[in-house]
Amino acid sequence: MSINILNQTFDKIEQEIIWREKELNNIQNITDSIVSSEWRDENTEPEVQVKFFLKATVPIIYAHWEGFITKVFKITFKYLNALHLNCDKYCDVYLTKAYEHQLKSLIDSTDFEKKKKHINILYAEFKNDVRLDTTINTKSNLTFEVFEKICRETNLQANTFRKYKDEINQLVNTRNAIAHGENAFVFEKYEDIQKYIDLLQSLMSTVYEEIQILLKNKNYLKAPNE
């Protein structure tokens, strides 16, 4: 049963990649159409239209980066919740992830009676199946540092993505500048933004590989000697 659910989980992630890659391919197709005059406005030079369009695609590419990470972890956590595991099964990383809100409220309490109440609530929850919140906090600014933190909190190998650090941060910074109305970025041809598309495709593929390792190797469980 769990194998079928696992395969369905992988299928869902693959579908996420497929439809996002189709949208990314449309960027080149539309750029080519503008250049070849299929979409050309007679009152505007094609070079101006291409620059305007390509600049607008950077926030779209970033949206796919953040959207993919948000969705892929939602799919992953739904799979883990479907396993109905208890506290004795999960490793400390996933236990902390599951109860981080309760732990925060416990730490923030200064009154002893409130602390006692929080402890009782937490103890009662430990007797039930662990339920993971299916949302991931990207801070609406998914830099490498934010993504690295997500990896640490989900047992993904952050070092696998370190080679993408500068490119991820460049994408985020460029998107932020454009979204805030800055006019410093000019993209004259498709090749000028292709590096961001290639980056996103590599990231989606690598994230998927890491999720497969996580779930197939059951790296969310306690080690046998724990």
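**Exercise 1. Place Asn155 and describe its backbone.**

Solution. At 26% relative accessibility, Asn155 counts as partly exposed, because the class runs between buried, under 20% relative accessible area, and exposed, over 50% (1.4 Å probe, protein chains only). The residue belongs to the loop between H6 and H7. Helices (H or I, at least four residues) and strands (E, at least two) are DSSP runs, numbered from the N terminus. Now the backbone. Asn155 is not a glycine, yet its phi is positive, about 65°. Most residues other than glycine have a negative phi. His84 also has a positive phi, near 55°, and is a residue other than glycine. His84 sits in the loop between H2 and H3.

This is a predicted model: local features need pLDDT of at least 70, side-chain atom pairs count only at pLDDT 80 or more, and totals for chains, interfaces and linings use all residues. Residues are numbered from 1 along each chain as its sequence is written, and side-chain values use heavy atoms, with hydrogens and water left out.

**Exercise 2. Outline the fold.**

Solution. Start with the elements. The protein has eight helices and zero strands. Along the sequence the pattern reads α-α-α-α-α-α-α-α. Next, burial: of the 226 residues, 40% count as buried. Then contacts, meaning heavy atoms within 4.5 Å. Among contacts between residues at least 6 apart in sequence, 78% join residues at least 24 apart. Last, the surface. The protein exposes about 13,100 Å², and carbon and sulfur atoms supply 49% of it. Such areas come from the Shrake-Rupley method with a 1.4 Å probe; for residues, only the protein chains shown count as cover.

**Exercise 3. Find the largest nonpolar core and follow one of its residues.**

Solution. A nonpolar core is a set of buried Ala, Val, Leu, Ile, Met, Phe, Trp, Tyr and Cys residues joined through side-chain atoms within 4.5 Å. The largest one here has 62 residues. Trp65 and Ile193 have the most contacts inside it. The elements giving two or more residues to this core are H1, helix H2 (46-82), H3, H6, H7 and helix H8 (191-216). H2 gives the most, with 14 residues. Now take Trp65. Leaving aside neighbours within four places in sequence, Trp65 is in contact with Leu142, Phe147, Ile168, Leu171, Leu200 and Leu203.

**Exercise 4. Trace three salt bridges and the parts they join.**

Solution. A salt bridge is a side-chain nitrogen of Lys or Arg within 4 Å of a carboxyl oxygen of Asp or Glu. The whole structure holds nine.

- Step one: Glu16 and Arg20 form a salt bridge at 2.8 Å, N to O. They are four residues apart in helix H1 (residues 2-35), so about one helical turn separates them. Both are buried.
- Step two: Glu153 bridges to Lys97, with the closest N and O atoms 3.5 Å apart. Glu153 lies in the loop between helix H6 (144-152) and helix H7 (165-179) and Lys97 in helix H3 (residues 92-98), so the pair ties together parts 56 residues apart in sequence. Glu153 is partly exposed at 23% relative accessibility. Lys97 is buried, at 13%.
- Step three: Glu148 bridges to Arg152, the closest N and O atoms being 4.0 Å apart. Glu148 is buried, with a relative accessible area of 15%, whereas Arg152 is exposed at 51%. The two are four residues apart in helix H6, about one helical turn.
- Step four: salt bridges that share partners join Lys97, Glu100, Lys149 and Glu153 into one network.

**Exercise 5. Examine Lys55, a charged residue without a salt bridge.**

Solution. Lys55 lies in helix H2. The residue is buried yet has no salt bridge. Lys and Arg count as positive and Asp and Glu as negative; His and the chain ends are not counted. The nearest side chain of opposite charge is Glu182, 8.9 Å away. Not counting residues up to four places away in sequence, Lys55 touches Ile178, Glu182, Asn183, Phe185 and Phe187.

**Exercise 6. Classify the ring pair Phe147 and Phe161.**

Solution. Rings of Phe, Tyr and Trp (its six-membered ring) pair if their centres lie within 6.5 Å; planes under 30 degrees apart count as stacked, over 60 as edge-to-face and the rest as tilted. The whole structure has seven aromatic pairs. For Phe147 and Phe161, the centres are 4.9 Å apart and the planes at 90°, so the pair is edge-to-face. Phe147 lies in helix H6 and Phe161 in the loop between H6 and H7, so the pair ties together parts 14 residues apart in sequence. Both rings belong to buried residues. Elsewhere, Phe73, Phe77, Tyr90, Tyr94 and Tyr220 form one aromatic cluster.
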